[in-house]
Amino acid sequence: MAEYGNASSQQQTKNVLQVQYPPSYEALTKDDITKLLKAVTIVLLHFTSVLSDKIGSEFLNLLSFQQFQILHSKHDIEKCKKLFIHGLPGTGKTVMAEHLVRMIINTFHCTRDEVLYICENRPLQIFMSQRLECMCVTRTTFMRAESLSAKHIIADEAQNFRDEDGPWYEKAQALTTHTNGRGVFWIFMDHFQTSHTGSSGLPGIDFQDPKEELTIVVRNAKKIHDVVLEHVNKSLQSGKEGSRFLEKLAQSAKCNHSFEGEVEIKRKMTQMEIVNKIAEQIQSYFKEGYEPKDIAILCSINNSECKWYQISLKAKLKTQIVGAEKILKNAIVLDSLRRFSGLERTIVFAINPVPHSTQSVLTSNIVVCVAS
């Protein structure tokens, strides 16, 4: 506040917002300013967290350094039109795919139908449709569509695509090669979460070029990451295609935080013992403040088994239990492991997480899917 001057100048001084910076700011050097600007730049490169919907306001997560490099440094989408991205479980592949869609729309000034997000499962397609300003379809719908105006395509969870409706990869590649030049065609996948033994329709790993790797785990708690890594290494023992590349990928895995999480494994339980255990645990979580929308219960691929558990648990819990296609509702999701692929919830129960007896080679993959 000024102590001298006439009344008019004193009145003007009162109306000026006085901002006092910490004395340490006066000693900032050029190097300090550069570091500060870099920090601000990284903070701006964020993605909107799904927590935003839960707390009713915008909540932002930072991209990991790997994600940032791929999206904003190593690859310019105006030049790198095609890219295969291999991500370990929990490294944020779908988060990157979501961010990439927004980059494409802003860079090329696209209309909604010029950008296409493709996934295998209907529940993931429904979820992403609520989050993206582009066309979101399943692979089956994509293959059945006769006329599409898409110029840019993002394929997510592509390791679980199938070629039973025709060569989806060739169709996507043809669509993104148009008279105005090549469109963006990026493919996200995690071979450790493959849930079937058929062909995915993708080129072999050795023929995927260029490709990038995501190895910094940001979405899984530490104990969960440890379980994932154990079964990733078991999966490698089955002699996967492209095993040399995948081994190198697994060896580079790093959990980038110290949040522990919880893992509990129960064996040799009857169906009713499983129902009672899950119901008891869920009621305990409700008392701690968790909501139905925080919880998922995943069964093996047997639909009749899912239905039995749904009826039994609904009677015990007296709360709404829905399928994965209603992931956005404030309800417990109970569905098969396959249909829940690509989705996530804070608390996950897995019932008998084993593949069909004819696909025993996928045993470790199924555990990885559940844990991730």
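The crossing of helices α11 and α12 is right-handed. In this predicted model, the axes of the two helices lie 10 Å apart. The angle between α11 and α12 is about 45 degrees. Angles from 0 to 180 degrees that are neither under 35, nor over 145, nor 65 to 115 count as oblique, and α11 and α12 are therefore oblique to each other. On the α11 side, the contact is made by Gln271, Met272, Ile274, Val275, Asn276, Ile278, Ala279, Ile282 and Gln283. These meet Trp308, Tyr309, Ser312, Leu313, Lys316 and Leu317 of α12. By class, ten residues of the contact of α11 with α12 are nonpolar, four are polar and one is charged.

Both helices also pack on a sheet. This open sheet has four strands, in the order β14-β15-β13-β16. The pairing is parallel. Strands β14 (321-322) and β16 (347-350) stand at the edges. Each has a single partner strand, so one side of β14 and one side of β16 are left without a neighbour in the sheet. Within the sheet, β13 (residues 295-299) and β15 (residues 332-336) run parallel and are joined by four bridges. Ala296 stands opposite Val333 of β15. Helix α11 (residues 271-287) lies across β13, β15 and β16. Its direction is at about 175 degrees to β16. Helix α12 (residues 303-317) touches β13, β14 and β15. The direction of α12 makes about 160 degrees with that of β15.

A further open sheet has six strands. Their order is β5-β4-β6-β9-β3-β10, and the pairing is again parallel. Here β5 and β10 (211-214) are the edge strands. Each of them has a single partner strand, so one side of each lacks a neighbour in the sheet. From one strand to the next, the twist averages 20 degrees.

At one end of this order, β4 (residues 115-119) pairs with β5 (residues 135-138). The two strands are parallel and share four bridges. Leu116 stands opposite Met135 in β5. Cys119 has Thr138 of β5 as its bridge partner. Helix α6 (residues 122-129) joins β4 and β5 in a β-α-β unit, and this unit is right-handed. Another helix, α4 (residues 65-74), lies across β3 (82-87), β9 (185-189) and β10. Helix α4 runs at about 150 degrees to β10.

Another helix pair is formed by α9 (residues 222-236) and α13 (residues 363-371). Their axes are 8 Å apart and pack at an angle of about 160 degrees. Angles over 145 degrees count as roughly antiparallel, and α9 and α13 are therefore roughly antiparallel to each other. The crossing of α9 past α13 is left-handed. From α9, the contact takes in Ile224, Val227, Val228, His231, Val232, Lys234 and Ser235. From α13, the partners are Ser364, Asn365, Val367, Val368 and Ala371. Seven residues of the contact of α9 with α13 are nonpolar, four are polar and one is charged.

Conventions
Residues numbered from 1 in each chain as written. Predicted model: local features only at pLDDT ≥ 70, side-chain atom pairs only at ≥ 80, totals over all residues. Heavy atoms only, no water. Left-handed = near helix turned anticlockwise from the far one by under 90°. Contact = heavy atoms within 4.5 Å. Nonpolar A, V, L, I, M, F, W, Y, C, P; charged D, E, K, R; others polar. Pairing = 2+ DSSP bridges. Right-handed = clockwise from strand over helix to strand, strands pointing away.
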